[in-house]
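Work through the exercises below with the model open. Try each task before reading its solution.

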Amino acid sequence: MKKNVFLFFLALFGILFTGCQNNESGFPSSDNPTVVVSTKEIYGAPSRKFEIKAALADDLGLKSVEIQIPELSLDKTISFATDPLLETYDLSYFFEVPAGRGTSETFKIKLIITDVSGNVVNEEINLRLDGEFAAPSITMITPKEGAVILLSTSNKMPVNFVVNDDSGIDYVQIKCTELGIDETVQLTGSPQSYTFNKTYTLPVTAANYVLTITAKDKFAIPNTGSLNVNVVATNEYPAIYLCDQPKGTNLTTDAVGVPMYFHEKTGQDFEFKYYADKDNKEIYFLGQESDFAPHCFGLNASGELVDDVASTAIVLPTKGYYKIKVNPNTLKYTAEKYTPTSKVWADVANGLWHDDAAQRKPFVSVCGGGIDGANWDTWNAWVVTKLHLANNAANPYQLVGEYTLTGTMEATFTGQWWDPSWRLIKNGIATMSPGENGNAKYAAAPGVYKVVLDTELERVFITKK
């Protein structure tokens with residue numbers, strides 16, 4: 001009898017032990033987990049990141065998800081906490097394709113989802129490396145950014161631009177709410193290049209307008225490019241610019257001062273002060289800041305001032321400072337040489353910081369943003385010597401140097417405790433403090449730039465080296 005009882009309990013223990021072995025997770029049985037991927041096909045490219053997105057769920061709790069692309073050495077496991085149990089999870093995982101892979105290659109992304117009960121579900125996503133991610137490029141021919149349309153001459157606005165895209169163009173759209181323009185051109189055959197050319201009629205009232213040009217391509221995952229163009233429709237010129245660059249020069253490359261903004265304006269009489277750095281210096285007057293068209297004032301064959309992109313340059317015969325007056329309506333100009341009488345800031349390269357003003361020697365450096373090494377502390381402007389300007393040996397009224405710009409910049413050129421200082425405001429104007437307040441921000445591509453502060457002109461020129 002005792003032997004039978006012993007065998008009974010031994011059998012019971014064996015059953016219980018086996019049961020524990022078959023349920024190692026310690027969780028009851030549950031349904032399989034579910035997975036819903038955002039797309040069954042992902043486009044990538046060498047050296048580019050792509051995103052794997054999926055919604056994971058389980059009626060009891062998720063344990064882990066494995067992400068595998070063996071050929072790309074991807075084997076990632078994301079494990080989930082079980083206290084409390086996680087019933088849903090939005091997977092968002094980024095992976096960069098190695099640089100050496102080919103654009104024609106394809107792979108399978110394997111997702112292995114396991115729940116706390118030990119149920120496993122597999123999902124596969126196709127990965128292609130022939131993705132095209134660049135937005136269509138839009139090149140404006142006319143009008144350029146900041147273009148001036150002189151209504152007294154014509155109220156017609158030609159709009160001409162070119163769109164290019166490797167995967168083909170789906171449509172282009174031209175919008176201007178103020179002018180009631182909302183035009184979409186749906187293209188057939190997915191051309192890789194398209195030229196839009198149409199003339200719109202402006203109202204006779206002077207106003208500023210913003211044209212928005214949009215283009216979408218035909219890639220499987222469409223890319224959209226957009227460009228805003230500001231246009232000034234006016235009965236008279238709000239500004240005239242002096243340009244000493246050859247025709248064809250990209251006037252948007254430099255950060256500040258090219259072309260140069262006028263100094264005084266009375267009606268349509270514009271006055272400039274200008275320094276010609278050599279004999280026979282060639283200049284033009286422009287009706288807009290960013291391009292030679294549509295209004296470029298130069299000379300015709302008879303030596304008369306004309307508004308013509310084909311005109312030739314005005315020549316300043318000898319090196320030095322000039323006072324120049326121009327009227328774009330009467331097409332008259334004068335250029336007279338003069339000798340400056342403003343203060344010369346000499347020997348700034350040998351400046352000296354000192355708390356005692358009597359022992360201090362002026363230096364000129366810079367405070368601001370978007371300039372490598374600069375901040376808004378004048379002590380920093382002193383100790384970071386690469387920011388110091390030096391005298392131009394060829395012109396005592398110019399302080400020169402080189403700065404590395406890191407992006408959108410603003411600046412005040414300064415000595416110790418803002419004495420002396422020139423604040424860079426809008427249009428390249430550098431007023432000597434306590435002049436006009438409000439440092440302007442200037443968009444600039446990162447890089448090395450030449451810097452010229454002309455204390456006589458109260459202008460700054462920051463040009464790409």
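Four exercises follow, each with a stepwise solution.

This is a predicted model, where local features need pLDDT of at least 70, side-chain atom pairs count only at pLDDT 80 or more, and totals for chains, interfaces and linings use all residues. Residues are numbered from 1 along each chain as its sequence is written, and side-chain values use heavy atoms, without hydrogens and water.

**Exercise 1. Overall form**

Compare the radius of gyration of the protein with that of a compact globule of 465 residues.

*Solution.*
Step 1. Take the rule: 2.2 Å times the number of residues to the power 0.38, with the radius itself computed over C-alpha atoms. For a compact globule of 465 residues this gives a value near 23 Å.
Step 2. Read the model: the protein has 35 Å.
Step 3. Check the box. Along the principal axes, the C-alpha atoms fill roughly 130 × 70 × 40 Å.
Step 4. Add the secondary structure: 2 helices and 33 strands. These are DSSP runs numbered from the N terminus, with helices (H or I) of at least four residues and strands (E) of at least two.
Step 5. Add burial. Buried residues, those under 20% relative accessible area, make up 43% of the 465. Exposed means over 50%, and partly exposed lies in between (1.4 Å probe, protein chains only).

**Exercise 2. Aromatic pairs**

Classify the ring pairs F80–Y89 and W353–W379.

*Solution.*
Step 1. Two quantities are needed: the distance of the centres and the angle of the planes.
Step 2. Apply the cut-offs. Rings of Phe, Tyr and Trp (its six-membered ring) pair if their centres lie within 6.5 Å; planes under 30 degrees apart are stacked, over 60 edge-to-face, and the rest tilted.
Step 3. A search of the whole structure finds 20 aromatic pairs. One of them, F80 with Y89, has 4.7 Å between centres and 50° between planes, hence tilted. F80 is buried at 11% relative accessibility, while Y89 is partly exposed at 25%.
Step 4. For W353 and W379 the centres are 4.9 Å apart and the planes stand at 80°, so this pair is edge-to-face. The partners are 26 residues apart: W353 sits in the loop between β26 (332–338) and β27 (365–371), W379 in helix α2 (residues 378–383).
Step 5. W353 is buried at 15%; W379 is partly exposed at 41%.
Step 6. Extend the view. W353 and W379 form one aromatic cluster with F363, W382 and W417.

**Exercise 3. Two buried residues**

Which residues do T378 and I371 touch, beyond four places away in sequence?

*Solution.*
Step 1. Set the criterion: contact means heavy atoms within 4.5 Å.
Step 2. T378 lies in helix α2 and is buried at 5% relative accessible area. Its contacts are W353, F363, C367, T414, G415, Q416, W417 and W418.
Step 3. I371 is in strand β27, also buried at 5%. I371 touches V366, L387, Y403, T404, L405, T406, M409, E410 and A411.
Step 4. Take one partner. I371 and Y403 are 32 residues apart in sequence, yet 6.7 Å apart C-alpha to C-alpha.

**Exercise 4. Backbone angles**

What is the omega of the peptide bonds V258–P259 and A293–P294, and what is the phi of N280 and E458?

*Solution.*
Step 1. The bond from V258 to P259 is cis, with omega near -5°. P259 falls in the loop between β17 (241–243) and β18 (260–261).
Step 2. The bond from A293 to P294 is cis too, with omega near 5°.
Step 3. N280, a residue other than glycine, has a positive phi near 55°. For E458, phi is near 50°, and E458 is partly exposed at 30%.
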